[in-house]
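Q: Walk me through the polar and charged contacts in this one, please. I'd like a close look with the distances, residue by residue, rather than a tour of the whole thing.

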2 protein chains.
Amino acid sequence: MEIPFATIERISTYLRCLKRLKEKGIKKVSSRELSGFTKTTPEQIRKDLSYFGRFGKTGAGYDVSILTRKLERILKHKKIWNVCIIGAGSLGSALAKYNAFKTEGYDIVALFDNDPQKIGNNIGGKEIYSIESFPEITEKIGIEIAILTVPQEAIEEIEPIISKSKIRGIINFVPQLLNIKTRRKITTLDVDLAQKMYILSYLIKNKKEE
Amino acid sequence: MEIPFATIERISTYLRCLKRLKEKGIKKVSSRELSGFTKTTPEQIRKDLSYFGRFGKTGAGYDVSILTRKLERILKHKKIWNVCIIGAGSLGSALAKYNAFKTEGYDIVALFDNDPQKIGNNIGGKEIYSIESFPEITEKIGIEIAILTVPQEAIEEIEPIISKSKIRGIINFVPQLLNIKTRRKITTLDVDLAQKMYILSYLIKNKKEE
DNA sequence: TCCTGTGAAGCAATTCACAGCT
DNA sequence: AGCTGTGAATTGCTTCACAGGA
């Protein structure tokens with residue numbers, strides 16, 4: 001069965017909420033309660049979960065711990081993913097320091113740049129390596145996910161280097177699609193912040209009055 | 001007619017591509033050519049555009065300049081939007097320096113923080129103001145969009161302050177939904193980077209072999 | 001001939017409604 | 001009574017196929 005992409009997006013939201021509930025010591029949650037923390041309906045939550053199995057108890061809702069574990073297993077087949085950042089500019093450096101993903105099991109362990117001035121420096125305890133050593137270093141450390149934050153002009157130089165490596169996934173902050181050959185080989189997810197701005201201003205303009 | 005959200009997302013991608021083409025001096029583009037820069041089909045592009053009008057010439061494609069202008073008008077009813085950043089931590093500061101939106105007409109002009117140490121400082125030429133002065137300053141400067149990059153714990157303190165202001169749109173990097181009252185009043189767009197990580201690892205795991 | 005614009009068809013996702021468990 | 005899980009109905013989106021203009 002083909003699982004809708006939107007379902008995957010929502011599942012990761014549910015997981016985030018469940019983790020919060022768990023921290024708060026809450027043991028049980030119903031689809032109705034969970035929907036209060038998201039923009040979805042209880043039916044949608046149950047349908048989404050049903051793609052992957054039966055996790056609830058009829059009449060009683062879901063066990064927070066169990067559901068958390070199950071959803072984690074659905075979304076992550078490794079407990080810890082090593083992640084690197086390509087492009088140690090302001091955004092790349094910030095993400096390295098920010099490191100909001102570590103608690104979720106995505107650990108930023110290295111940065112790469114082509115600026116000799118930067119190479120060897122440390123950002124938030126992570127070393128900046130030369131982009132030339134990308135394939136070796138990533139393989140040695142066991143990095144399979146890269147966050148791409150290079151300037152747009154650098155994209156063409158970078159792509160073949162990534163392509164040669166063992167990288168399996170890219171989060172791409174560069175406002176340009178990687179070429180089709182790269183995308184076929186490596187799963188890429190585009191995050192275009194300028195696009196978000198456009199969308200937001202459209203939504204503001206066309207906000208429904210209530 | 002109700003315009004699909006996905007259409008709005010794609011339209012902003014088309015706009016980005018058109019701007020690039022314009023810079024390169026390209027005058028004409030067909031839906032087929034444009035689809036080469038996106039993940040869409042020519043039919044989808046034509047359908048998306050048809051929600052808003054007829055912009056092409058049969059047999060000849062689209063005039064890049066004209067279409068750019070039209071799409072900009074669809075997505076932005078103001079030429080320049082002033083934007084502020086709430087939370088001058090590493091992510092907020094990076095976005096202020098990064099400023100990739102300026103060329104798109106979204107200009108970051110101020111930051112806000114609650115740390116007395118930071119207030120008065122300058123980041124990329126933008127002053128950091130006290131969060132207490134948020135409603136006055138934003139109104140004075142004419143800021144209608146805020147980028148929210150505060151730590152999660154600060155959310156509850158921040159929300160009533162934003163609510164009291166003239167802010168109309170929020171790009172929310174905090175991995176938590178704002179409360180429904182705020183969301184009804186202010187258009188919010190959530191950008192959860194940890195969620196992207198989860199989605200990426202799911203996609204890696206379930207990548208279709210070809 | 002080439003390309004746009006668009007109804008109609010086809011497909012996919014969401015919502016409904018209820019059976020069944022506790 | 002309260003809640004899950006899920007076929008069926010519905011809604012919404014995308015793709016098809018073609019009329020019509022340059």
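A: One cut-off before we start: a polar contact here is a pair of N or O atoms within 3.5 Å. Keep in mind too that this is a predicted model.

Let's begin at the DNA. A backbone N or O atom of Gly56(B) sits 2.7 Å from a phosphate oxygen of DNA strand C, inside that 3.5 Å limit. Arg54(B) goes for a phosphate as well, but through its side chain: one of its polar side-chain atoms is 3.1 Å from a phosphate oxygen of DNA strand C. Arg46(B) reaches a base instead, with a polar side-chain atom 2.7 Å from a base nitrogen of DNA strand C. As for which elements give two or more residues to the surface near DNA strand C, chain A supplies helix H1 (5-23) and helix H3 (42-50), and chain B supplies its own helix H3 (42-50).

Zooming out a little, 23 residues surround DNA strand C, and the closest are Arg10(A), Ser31(B), Arg46(B), Gly56(B) and Tyr62(B). By residue class, the surface near DNA strand C splits into ten polar, seven charged and six nonpolar residues. From the DNA side, 66% of the strand C atoms within 4 Å of the protein are sugar or phosphate, and bases make up the rest.

Now for charge against charge. Side chains of opposite charge can pair when their charged atoms come close. Over all chains, the structure holds 18 salt bridges. One of them joins Arg16(A) to Asp192(B), with the closest N and O atoms 2.3 Å apart. The pair crosses between chains: Arg16(A) is in helix H1 of chain A, whereas Asp192(B) is in the loop between S9 and helix H9 (193-205) of chain B. Both ends are tucked away, since Arg16(A) counts as buried at 12% relative accessibility, and Asp192(B) is buried at 7%.

S9(B), at residues 187-190, is worth a quick detour. Strand S8 (residues 169-172) of chain B pairs with S9(B) in the parallel sense over four bridges. In that pairing, Asn172(B) has Asp190(B) as its bridge partner. With helix H8 (residues 180-185) of chain B added, S8(B) and S9(B) make a right-handed β-α-β unit.

Back to salt bridges, this time inside chain B. Lys19(B) pairs with Glu72(B), the closest N and O atoms being 3.0 Å apart. Lys19(B) belongs to helix H1 (residues 5-23) and Glu72(B) to helix H4 (residues 64-75) of chain B, so this contact ties together parts that are 53 residues apart in sequence. Lys19(B) counts as buried at 16%, while Glu72(B) is partly exposed at 21%.

Glu139(B) and Lys166(B) form another salt bridge, with the closest N and O atoms 2.9 Å apart. Here Glu139(B) is in helix H6 (residues 134-141) and Lys166(B) is in the loop between helix H7 (155-164) and S8 of chain B, so the pair ties together parts that are 27 residues apart in sequence. Both partners are partly exposed: Glu139(B) has a relative accessible area of 47%, and Lys166(B) comes in at 49%.

Over in chain A, Lys19(A), Glu72(A) and Glu104(A) are linked in a network of salt bridges.

How values were computed
Residues numbered from 1 in each chain as written. Chains lettered and ligands numbered in written order. Predicted model: local features only at pLDDT ≥ 70, side-chain atom pairs only at ≥ 80, totals over all residues. Heavy atoms only, no water. Near = heavy atom within 4 Å. Polar contact = N/O pair within 3.5 Å; in protein donor to acceptor, adjacent residues only side chain to side chain. Nonpolar A, V, L, I, M, F, W, Y, C, P; charged D, E, K, R; others polar. Pairing = 2+ DSSP bridges. Right-handed = clockwise from strand over helix to strand, strands pointing away. Salt bridge = Lys/Arg side-chain N within 4 Å of Asp/Glu carboxyl O. Buried < 20%, exposed > 50% of the residue type's maximum accessible area, 1.4 Å probe, protein only.
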